[in-house]
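Trainee: I would like to learn how to read a structure feature by feature, beginning with the cysteines. Could you take me through one with me looking on?

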Amino acid sequence: MAAAAAGGVGVGADQGVQIHRFRGLRSSGLIPFGRSSWSLAVASSSSSSSVVTAVSTPIRPDTSEVKRSKVELFKEKSNFLRYPLNEELTSEAPNINEAATQLIKFHGSYQQTNRDERGVKSYQFMLRTKNPCGKVPNRLYLVMDDLADEFGTGTLRLTTRQTFQLHGILKKNLKTVMGTIIKNMGSTLGACGDLNRNVLAPAAPYTKKEYVFAQETAENIAALLTPQAGAYYDLWLDGEKIMSAEPPEVVEARNDNSHATNFPDSPEPIYGTQFLPRKFKIAVTVPIDNSVDILTNDIGVVVVSDIDGEPQGFNIYVGGGMGRTHRVETTFPRLGEPLGYVPKEDILYAIKAIVVTQRENGRRDDRRYSRMKYLIGEWGIDKFRTVVEQYYGKKFEPFRELPEWEFKSYLGWHEQGNGALFCGVHIDSGRIGGNMKKTLREIIEKYNLNVRITPNQNLILCDIHHSWEEPITAALAQAGLLQPTEIDPLNLTAMACPALPLCPLAITEAERGIPQILKRIRAVFNKVGIENNESVVIRVTGCPNGCARPYMAELGLVGDGPNSYQVWLGGTPNQTSLAKCFTNKVKVQNLEKVLEPLFYGWKSKRLQGESFGSFTTRIGFDKLQELVEKWEGPLETA
């Protein structure tokens, strides 16, 4: 069963680590934050209410305050994400201050500098869009392409959460770029910050019921958890709101407060003034299809259908997350675990209940421990489920059995199911630039195609007539965008985060380094006798935050110093097992000293059909370390 694959949780979960409890907000919208009134339930034989408002005798006031991080104070004083960002955007300075830097994340932007330029800080901004299911209308794609040339670095970046990133935007151009995106069927609201991020779903434009239902559900969840207070439109469109009509079930679920989930009379009924303790990630998929890395999300939602293929409800996983901190063993990546099943009409209420549980109880004192995975790690899944059920108003039903997961890339040509085709195009590290960018625009514009972004940083061209297949294939090939059978299998599943030079958290290279790393690994394969059609899942990040999900890879390289990586081993091709750190501080020029003996061991000692990640888990790190230490090269054959 696939459910069993989620049994292993975090790297640190079995280390006996105790994380100090923090009690979160505890307001549930019923008592304003900081107010001292309270109620006491008492036994009573009378017919009067059994809830008594307590009136205490005068005592020394408790002047102690719950410790909160600086970001929590910025949020509280921001007037729902407005101040001081609104003032900072109008100043002549090329940058914004610390508080505004935190707030602009909620609007979909990060302040950055080019770290390749020494001695001077050239401030610029990265914008990230919000595209539930990775859906990008034709008009929005063409606008993003134009904005990259006019205001950015001339490239588009496809992310591991099915969105665009534009880099190199100057502060003076932010309002123009933001406004243009909003007016052309796009949004950046909530793409970053302490709230629900982009909701993933399989990008394939199949017309099958379960795929359509999964994508509709993802879009409804995204709408449910979108900020409501209006700061986004105040800042970027001078108060003009451009909004599409929401499904009535979304509005009803958002406004429902029958189980004390909301802040009454607040412009942010779910988030309040404080929003969530940290980022929050949700994915929706169908059985078998693990194109979304379902177990890496705070909430993973899986459509459950009857024997006729009619969706009936959802399995829900909770508690996944990738981020960690080097040399802080109480931080760790974690897989989601089964919470339960809900009928389809309840999914928005269940999602809201989980989000509110994290809002009320997630830590707000130390942001390293603020993700929901740490709350579940401390409480355990049974207590977490019990608390969520209080906000949900129902018991979760037992988790339904699922088939084994498979990774789906959707590269190459496929039937959509409605007489049209779609074509999945591999994009190395999601970076669209140069002749590739020009050709993709020409194709998308000429044939009026909608597109979708995949969680593996690739692009899907949708709604293609059969007669267009040949000319589109030829045009893609001329731009170096080959069919998957013509691309090294190592590249097809590899991912890297942007890292240097723009990410402020990067310790070393990722996107700029992975092309050469993959070539070197293929050379090692050739040296030890591994066939050209064989592959392993490789992911590279410039820091331990895990944006490219390296802790799910068969071989994860995680930056831990200048030109240096941790080596993580043990993920599986279907993304259901957590890797573990095999060794630290491997200089990039010395990677072969570690990888050559490991790949030789896999080639010579693997079971039939055994993946590299499964092999490393079966053999164990002690024997693998011995193999590396004693390595003198592959045995010569006569």
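Mentor: Let us begin with Cys497, which is buried, because its relative accessible area is 11% and the cut-off for buried is under 20%. Please keep in mind throughout that this is a predicted model.

Trainee: Which cysteine sulfur is closest to that of Cys497, and how far away is it?

Mentor: The general idea is that a disulfide is a covalent bond between the sulfur atoms of two cysteines. Here the closest cysteine sulfur to that of Cys497 belongs to Cys547, and because the two are 6.1 Å apart, they are too far from each other for a bond. The limit used for a disulfide is 2.5 Å, and the structure holds zero disulfides.

Trainee: Is Cys192 buried or exposed?

Mentor: Cys192 counts as buried, since its relative accessibility is 0%.

Trainee: How many residues does the protein chain have, and what share of them is buried?

Mentor: The protein chain has 638 residues, and buried residues make up 58% of them. Its accessible surface comes to about 27100 Å², with 51% of that belonging to carbon and sulfur atoms. As for secondary structure, the chain has 19 helices and 21 strands. When you turn to contacts with a separation of 6 or more, residues 24 or more positions apart account for 69% of them.

Trainee: How should I read the surroundings of a single residue, and which residues is Val586 in contact with beyond its neighbours within four places in sequence?

Mentor: Start with the element, then the accessibility, and then the partners. Val586 lies in strand E21, residues 580–587, and is buried, with a relative accessible area of 8%. Leaving aside neighbours within four places in sequence, Val586 is in contact with Asn563, Ser564, Tyr565, Val567, Leu591 and Val594. For one of these partners, Tyr565, which is 21 residues apart from Val586 along the chain, the C-alpha atoms are separated by 5.2 Å.

Trainee: Asn563 is in that list of contacts; what is there to say about its backbone?

Mentor: Asn563 has a positive phi of about 55° although it is not a glycine. Asn563 lies in the loop between strand E19 (555–561) and strand E20 (564–569), and is partly exposed, with a relative accessible area of 44%. Gln457 also has a positive phi, of about 70°, and is likewise not a glycine. Gln457 lies in the loop between E15 and E16, and at 1% relative accessibility it counts as buried.

Trainee: Where does the chain have a cis peptide bond before Pro84, and what is its omega?

Mentor: The cis peptide bond joins Tyr83 and Pro84, with omega at about 5°, and Pro84 lies in the loop between helix H2 (70–76) and helix H3 (85–88). The peptide bond from Leu500 to Pro501 is cis too, with omega near 10°. Pro501 has its place in the loop between strand E17 (495–496) and helix H16 (514–528).

Trainee: How do I go about reading a pocket, and which residues lie nearest the centre of the second largest one?

Mentor: Read the volume, then the lining, and then the elements that supply it. The second largest pocket holds about 1100 Å³ of space and is lined by 40 residues, of which Lys130, Pro132, Met185, Ser187 and Ser244 lie nearest its centre. That lining divides into 23 nonpolar, nine polar and eight charged residues. Among the elements that each supply at least two lining residues are strand E15 (451–453) and strand E16 (459–464), while H7 gives the most, with four residues.

Trainee: How many cavities of 30 Å³ or more are there, and which residues line the second largest cavity?

Mentor: The count comes to five cavities of 30 Å³ or more, and the second largest has about 50 Å³ of space. Asp256, His259, Thr261, Tyr349, Lys352, Tyr391 and Tyr392 line that second largest cavity. Helix H10 (347–361) and helix H12 (381–392) are the elements that give two or more residues to this lining, which divides into three nonpolar, two polar and two charged residues.

Trainee: Is Glu401 buried or exposed?

Mentor: Glu401 counts as exposed, because its relative accessibility is 62% and the cut-off for exposed is over 50%. Glu401 is found in the loop between H12 and strand E12 (412–415). Although Glu401 and Val304 are 97 residues apart in sequence, they are 9.2 Å apart in space, C-alpha to C-alpha.

Conventions:
Residues are numbered from 1 along each chain as its sequence is written. This is a predicted model: local features need pLDDT of at least 70, side-chain atom pairs count only at pLDDT 80 or more; totals for chains, interfaces and linings use all residues. Side-chain values use heavy atoms; hydrogens and water are left out. Buried means under 20% relative accessible area, exposed over 50%, partly exposed in between (1.4 Å probe, protein chains only). Contact means heavy atoms within 4.5 Å. Accessible areas come from the Shrake-Rupley method with a 1.4 Å probe; for residues, only the protein chains shown count as cover. On a 1 Å grid over the protein atoms alone, a cavity is a set of points where a 1.4 Å probe fits but cannot get out, and a pocket is an open set with protein on both sides within 12 Å along at least five of seven lines; lining residues have an atom within 4 Å of a point. Grid points are joined across faces, edges and corners, and a volume is the space filled by probe spheres set on the points. Ala, Val, Leu, Ile, Met, Phe, Trp, Tyr, Cys and Pro count as nonpolar, Asp, Glu, Lys and Arg as charged, and the others, Gly among them, as polar.
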